[in-house]
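Work through the exercises below with the structure in view. Try each task before reading its solution.

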Amino acid sequence: MTLFPRSWLCLAILLLDYGAAEQQPQFQTFIEGVRIDVLVSDGGRPISGLTAEDFEVLDNGVPQRVALASAAASLSIALMLDTSSSVADSGHLSDLVRAGQLLLSTLSPDDTVAFLTFSRGVRMVVPSTRDARSVNSALLAARSRTVRRLADRTAMWDAVFAGASLVTGGSGRSLVCVLTDGADNASWVLPTQPRDARWTIDQKARTIDVLRGSGIVVDVVWIRRKPGSLSVQLDDGINGTLSPYDAADSAGGMAFSARDAKLPQRLADRLTALRAGYVLTYTPAGVPRGDGWHKLIVRLKNKRGKIQARTGYFSGPVASKPDARGTQQ
Amino acid sequence: MVLPSSGRPSAPVLTRGLLTLDLLVGDTGSKRDMAGTDTLTLSRRRRCSREMVLWALTTVTAVVVVHVRTANLVAALEQSHLVQVLDQYRRGDADAAVATFALWDAKRVDAETRLPIGDDDPWAIAALAMLHVEAALVNDLAARSWPAAPRDTVSPKGSRAVPNVHSRASIVLMQRLGEIARGRQDSRLLEFYRRSAVAGAPNRVSPEDDSLWNGRFHEHWMGPEICCGGISFSTSTAGESGRIESSHGRFVRSHAFEAEKAFRDVLSQQPTFAEARLRLGRLLYFLDRAEDSERELVRALKDARAANDVFSGYLAALFLGQLHEDRGRTKQAAESYETGIAIFPSGQSAYLSLGRLLIASGDADKGWRTARSALAGQPGSNTTFDPWYVYPAGSIVWEYARQVQELRVMVRQ
């Protein structure tokens with residue numbers, strides 16, 4: 001066989017191979033791992049020493065085989081201070097700043113914290129750092145400089161969402177801690193100026209589901225305005241209020257009163273509990289993928305304890321998005 | 001010491017003597033003989049009256065001296081404070097400087113405007129004028145919108161004293177700056193002066209605008225009627241917790257009708273008025289007329305781009321994205337949000353919407369990265385001024401604020 005026919009043969013094989021590649025659909029493999037941050041407590045105290053065999057996880061009702069990745073030893077926190085008029089005018093700002101300082105005083109050296117303020121928009125004051133002292137200084141400075149601004153409105157949920165983007169994806173437990181009076185009248189991602197109740201629920205579900213699906217905890221330290229007065233009822237009705245229910249609904253979040261005498265202890269206990277949490281991982285089996293929201297149930301086998309964990313996750317439409325990498329929670 | 005009963009001392013001697021004598025001897029004169037008593041008594045009366053005059057003069061002089069020195073001291077302190085605030089505005093955290101300056105009361109602001117600032121640094125004058133403008137804006141809104149509050153710089157019922165005094169000060173400074181700029185033929189300074197004059201010009205006034213404002217009014221009030229609100233609270237081991245439940249009431253159809261009529265009136269006179277079409281599109285969206293809404297929003301986006309109207313273009317893209325999202329058209333929604341970002345990259349809401357959409361679509365990494373872009377901020381300021389946050393106020397307010405931001409950047413360079 002001469003060289004000429006060989007080269008033709010090689011070319012033909014190459015062309016055939018190219019043609020086959022053109023004709024065949026491209027398959028990509030997506031490894032869709034799901035991560036669940038779990039807090040287990042009994043009587044308010046975290047339970048330690050559990051193994052993967054102690055947990056039962058149901059994905060859309062189907063039991064899954066889980067692995068215990070590690071304990072979430074460090075925390076990644078976005079500390080968000082409400083500097084809007086409703087806080088500044090009412091003299092609540094000092095209480096909220098004090099609560100923020102208490103939180104900072106309970107951090108460990110491995111924890112990272114970013115500091116943001118919000119009113120009509122959100123502003124990053126200190127990017128994620130391990131230097132809690134610089135955040136403390138910025139917190140005090142924010143108190144002294146807060147003043148009404150042009151067209152001042154409060155976009156709290158926008159701020160929560162932007163803050164969540166800073167703490168997601170880290171190795172530790174992600175926490176967004178909001179210091180606020182709960183009034184929101186300008187958020188876009190979670191509109192609180194409802195024109196229609198059904199529409200509001202739809203919009204709210206989009207954002208809350210994304211937060212829940214990402215396993216980000218939203219805790220709230222808040223000053224409650226005088227309940228029961230007509231003005232508050234009207235204001236809440238028109239502007240909406242972040243209730244502790246909403247916070248807890250995200251992923252096991254909690255609400256604290258900024259004027260609670262036991263706040264230092266409560267915050268310390270809270271961070272301890274978050275650090276003592278478990279990280280469970282599994283690859284979904286026996287359930288369809290890319291079909292949207294999956295409901296999760298996490299419980300203990302043969303043990304007592306209260307579980308706080310995300311209530312579901314998004315399984316993205318990976319088949320129609322070749323560039324997507326699947327839901328890596 | 002005894003004064004002679006005869007002979008008259010010279011006036012200065014008498015004065016000194018009166019002061020010293022009466023202080024030292026008191027009623028010693030009564031020991032004199034009867035013949036000289038009357039003369040002495042008369043003399044003492046004169047001395048007493050002169051003494052009182054002198055005391056009064058001395059007291060007044062002392063008060064004047066102390067007052068002048070104190071005033072100088074206060075002026076010096078205030079000047080140093082003003083210099084600090086001005087320097088912070090030009091070179092440091094401008095938002096913080098405005099916040100500080102906006103809290104000064106009218107009297108203090110008025111006093112500051114009399115402090116001498118030399119012509120050798122015209123950009124300091126420009127910066128001070130801008131500082132006054134921004135402080136006036138902050139206080140103007142407070143005066144219009146809120147009653148008295150603990151940290152309020154305006155009196156109850158919304159006094160306009162503070163914004164007025166800031167406005168006067170800025171006008172005086174800008175006049176001076178104009179003279180300097182013309183005298184020096186400084187092109188950059190003249191550009192600043194020209195742009196500031198444009199920013200300070202009265203808002204557009206035309207029949208269309210009146211209708212637009214009327215429509216905006218009804219658009220605002222077509223919102224929820226509050227029928228009832230139920231509030232429940234409980235106490236748990238985690239502290240106080242509770243939930244405020246409100247039920248939102250009916251859609252106010254009459255206002256929606258009036259708003260639609262007003263917007264259509266505007267568009268009949270000025271078909272390319274993007275903001276009117278934007279508001280009409282938004283209104284129709286809430287009236288569940290999605291197809292009509294989409295048509296108006298697409299047109300609003302086109303008109304806004306043609307007119308370089310950032311406010312209306314950005315919001316039209318944002319509203320379109322939401323409409324597509326509602327109808328399950330994920331790809332079109334993402335494209336609309338990307339259009340919004342392209343129109344105004346310093347906004348926040350378009351990044352957040354796109355980020356949320358990507359996360360919900362399964363691309364969590366890219367979604368969170370996009371959401372994080374919302375924190376990039378604007379040049380010259382750490383705060384954002386997203387059009388969505390001033391949608392109720394309208395494009396005039398947003399445009400004005402944007403011009404102020406640009407002028408701020410100029411004086412900070």
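**Exercise 1.** In this predicted model, find in which handedness helix 5 of chain A passes helix 15 of chain B.

*Solution.*
- Locate the two helices: residues 156-167 of chain A and residues 364-373 of chain B.
- Look at how they cross. Helix 5 of chain A passes helix 15 of chain B in a left-handed crossing.
- Take the geometry next. The packing angle is about 120 degrees, and the axes lie 8 Å apart.
- Classify the angle. Values from 65 to 115 degrees would be roughly perpendicular, and those over 145 roughly antiparallel. The angle of about 120 degrees therefore makes helix 5 of chain A oblique to helix 15 of chain B.

**Exercise 2.** List the residues that make this helix contact, then sort them by class.

*Solution.*
- Helix 5 of chain A supplies A:F161, A:A164, A:S165 and A:L166.
- Helix 15 of chain B supplies B:W368, B:A371 and B:R372.
- By class, the contact has 5 nonpolar, 1 polar and 1 charged residues.

**Exercise 3.** Is strand 7 of chain A mostly covered or mostly uncovered? Then split its residues by the way they point.

*Solution.*
- Strand 7 of chain A spans residues 112-118 and is mostly covered, with 7 of its 7 residues buried.
- A:T112, A:A114, A:L116 and A:F118 point one way. A:V113, A:F115 and A:T117 point the other way.
- In a regular strand the side chains alternate between the two faces of the sheet.

**Exercise 4.** Find the strands that pair with strand 7 of chain A.

*Solution.*
- Strand 6 of chain A (residues 75-82) pairs with strand 7 in the parallel sense over 7 bridges. There, A:M80 has A:L116 as its bridge partner.
- Strand 8 of chain A (residues 122-129) runs antiparallel to strand 7, joined by 5 bridges. A:F115 is partnered by A:V126.
- A hairpin of 3 residues links strand 7 to strand 8 of chain A.

How values were computed. Residues numbered from 1 in each chain as written. Chains lettered and ligands numbered in written order. Predicted model: local features only at pLDDT ≥ 70, side-chain atom pairs only at ≥ 80, totals over all residues. Heavy atoms only, no water. Buried < 20%, exposed > 50% of the residue type's maximum accessible area, 1.4 Å probe, protein only. Helix = DSSP H or I, 4+ residues; strand = E, 2+ residues; numbered from the N terminus. Pairing = 2+ DSSP bridges. Axes fitted to C-alpha atoms, helices over the stretch in contact; angles between N-to-C directions. Parallel < 35°, antiparallel > 145°, perpendicular 65-115°, else oblique. Left-handed = near helix turned anticlockwise from the far one by under 90°. Contact = heavy atoms within 4.5 Å. Nonpolar A, V, L, I, M, F, W, Y, C, P; charged D, E, K, R; others polar.
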